[in-house]
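Look at the model below. The report that follows covers its strands, sheets, pocket and a few individual residues.

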Amino acid sequence: MRAHATCITLLSLLLAACSGAETTDPNPLASSSLGVAYPAVIALPDGFWPEGIDFGRGTTFFVSSLATGAIWRGDARTGAGGVLVAAQGVESVGLAYDAWANRLVVAGGFSGQAFVYDATTGARLAAYQLGAPGMSLVNDVVVSDDAAYFTDSFNDVLYRIPFGPGALPSQADVQTLPLTGDYQSVPSEIGNANGIVATPDGRWLIVVNTATGALYRVDPGTGAATSLEVTGGSLDGGDGMLLLGHRLYVVQGHLNQITEVQLSPDFGNGTIVRALTSPDLQFPSTIARLGNTLYAVNARFDVVPAPDVQYHVVALPL
């Protein structure tokens with residue numbers, strides 16, 4: 001999650017209240033991996049103010065709301081959708097789909113919390129206090145084989161909730177991992193640690209610092225961070241990320257683009273190879289993938305949120 005420094009700060013934006021209703025989009029332009037025409041732009045409810053996105057089973061995807069904490073469930077094939085999780089009274093920021101248990105794991109923003117929902121019914125299964133309310137910005141989340149990891153843009157830490165077979169963990173199981181080693185933060189209204197992904201083998205986490213554009217390779221057991229040097233350009237304003245093998249996609253919302261970084265075999269460095277963009281992008285925040293297509297959420301951080309502001313999910317072919 002990110003608001004550009006020259007626009008409206010995130011802190012002031014979060015004071016706005018929004019509402020929305022179920023909607024569909026008829027624009028059948030994007031192509032799926034099956035060769036079927038899918039909508040290139042999917043309308044979300046007016047005023048929804050989206051931030052996070054992830055795919056569940058089939059063509060189902062989920063989008064979180066900064067305005068109310070609601071979760072919207074849509075179908076990439078048809079563009080139809082509706083609210084799965086009703087307004088929660090706190091922000092829903094980044095979210096991740098836990099395929100093993102059919103759950104949604106959601107970062108709770110300024111509340112300092114994390115939430116777990118049933119991805120079929122929308123029922124809340126658990127809530128965890130990760131950081132101090134009002135002093136934390138629990139921003140993004142990735143689910144690995146055995147845990148969920150969260151960034152906190154206001155504090156130099158990661159949070160770890162161990163997930164495994166059986167019952168959900170308790171509050172006592174929550175771990176705080178200080179970001180140490182090469183990691184550096186700077187004074188910033190927009191925060192620092194933001195997007196997070198896990199390498200396919202689970203050995204590393206990769207974290208982007210929105211304020212500096214720096215990437216870090218992080219030990220998921222200790223929080224020790226090593227600078228991941230990137231050549232070929234800047235990742236300034238990096239927000240949500242997606243890792244496909246050794247290809248890292250970083251959302252740069254203020255540039256209306258998703259930047260592709262080719263990472264080395266050891267994930268120790270990378271080279272920017274291209275930028276994906278579309279005239280339909282409007283300050284995107286996060287991305288998810290279905291087949292050979294990326295889906296970006298237009299958070300529109302440069303617009304004051306209001307009940308009549310329009311928001312969309314945009315498809316970009318890989």
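## Strands, pocket and buried positions

Strand E14 (residues 157-162) and E15 run antiparallel, joined by four bridges. Arg160 stands opposite Gln175 in E15. This is a predicted model, in which local features need pLDDT of at least 70, side-chain atom pairs count only at pLDDT 80 or more, and totals for chains, interfaces and linings use all residues. Residues are numbered from 1 along each chain as its sequence is written, and side-chain values use heavy atoms, with hydrogens and water left out.

The protein chain has one helix and 27 strands. Helices (H or I, at least four residues) and strands (E, at least two) are DSSP runs, numbered from the N terminus. Two strands pair if DSSP finds at least two bridges between them.

**Two open sheets**

E14 and E15 belong to an open sheet of four strands, in the order E12-E13-E14-E15 with antiparallel pairing. E12 and strand E15 (175-178) stand at the edges with a single partner strand each, so one side of each is left without a neighbour in the sheet. From one strand to the next, the twist averages 25°. Axes here are lines fitted to C-alpha atoms, for helices over the stretch in contact, and angles run from 0 to 180 degrees between N-to-C directions.

Another open sheet of four strands has the order E8-E9-E10-E11, again paired antiparallel. Its edge strands are E8 and strand E11 (124-129), each pairing on one side only. Neighbouring strands of this sheet are turned by 15° against each other on average, direction ignored. E8 is joined to strand E9 (residues 103-107) by four bridges. Leu95 stands opposite Val106 in E9.

**E21, E22 and E23**

Strand E22 pairs with E21 over five bridges and with strand E23 (residues 257-263) over six. Both pairings are antiparallel. The E21 and E22 hairpin has two residues between the strands, and Gly245 takes a positive phi near 65° there. The hairpin of E22 and E23 has four residues between them, with a positive phi of about 55° at Asn256 in the turn.

Strand E22 (residues 247-252) is mostly covered, with five of its six residues buried. Buried means under 20% relative accessible area, exposed over 50%, and partly exposed in between (1.4 Å probe, protein chains only). Across the protein chain, buried residues make up 58% of the 318 residues.

These bridge partners flank E22.

| Residue | Opposite residue | Strand of the opposite residue |
|---|---|---|
| Leu242 | Tyr249 | E22 |
| Val251 | Ile258 | E23 |

**The largest pocket**

Which residues are the closest to the centre of the largest pocket? They are Asp54, Tyr97, Val142, Val143 and Leu242, out of 34 that line the pocket. About 870 Å³ of space lies in this pocket. On a 1 Å grid over the protein atoms alone, a pocket is an open set of points with protein on both sides within 12 Å along at least five of seven lines, and lining residues have an atom within 4 Å of a point. Grid points are joined across faces, edges and corners, and the volume is the space filled by probe spheres set on the points.

The elements that give two or more residues to the lining are strand E4 (50-55), strand E8 (95-98), strand E12 (138-143), strand E17 (193-198), strand E21 (238-244) and strand E25 (284-290). E21 gives the largest share, five residues. By class, the lining has 20 nonpolar, eight polar and six charged residues. Ala, Val, Leu, Ile, Met, Phe, Trp, Tyr, Cys and Pro count as nonpolar, Asp, Glu, Lys and Arg as charged, and the others, Gly among them, as polar.

**Individual residues**

Asn102 sits in the loop between E8 and E9. Its phi is near 55°, a positive value in a residue other than glycine. Asn102 counts as buried, at 11% relative accessibility.

Phe283 lies in the loop between strand E24 (269-277) and E25. Its phi is near 50°, also positive in a residue other than glycine. Phe283 counts as buried at 4% relative accessibility.

Val314 is in strand E27 (residues 312-317). Val314 is buried, with a relative accessible area of 0%. The C-alpha atoms of Val314 and Val41 are separated by 4.7 Å, although the two are 273 residues apart along the chain. Beyond its neighbours within four places in sequence, Val314 is in contact (heavy atoms within 4.5 Å) with residues including Ala40, Ser278, Leu294 and Tyr295.

Notes:
1 Å grid on protein atoms, 1.4 Å probe; cavity = no way out; pocket = protein on both sides within 12 Å on 5 of 7 lines; lining within 4 Å.
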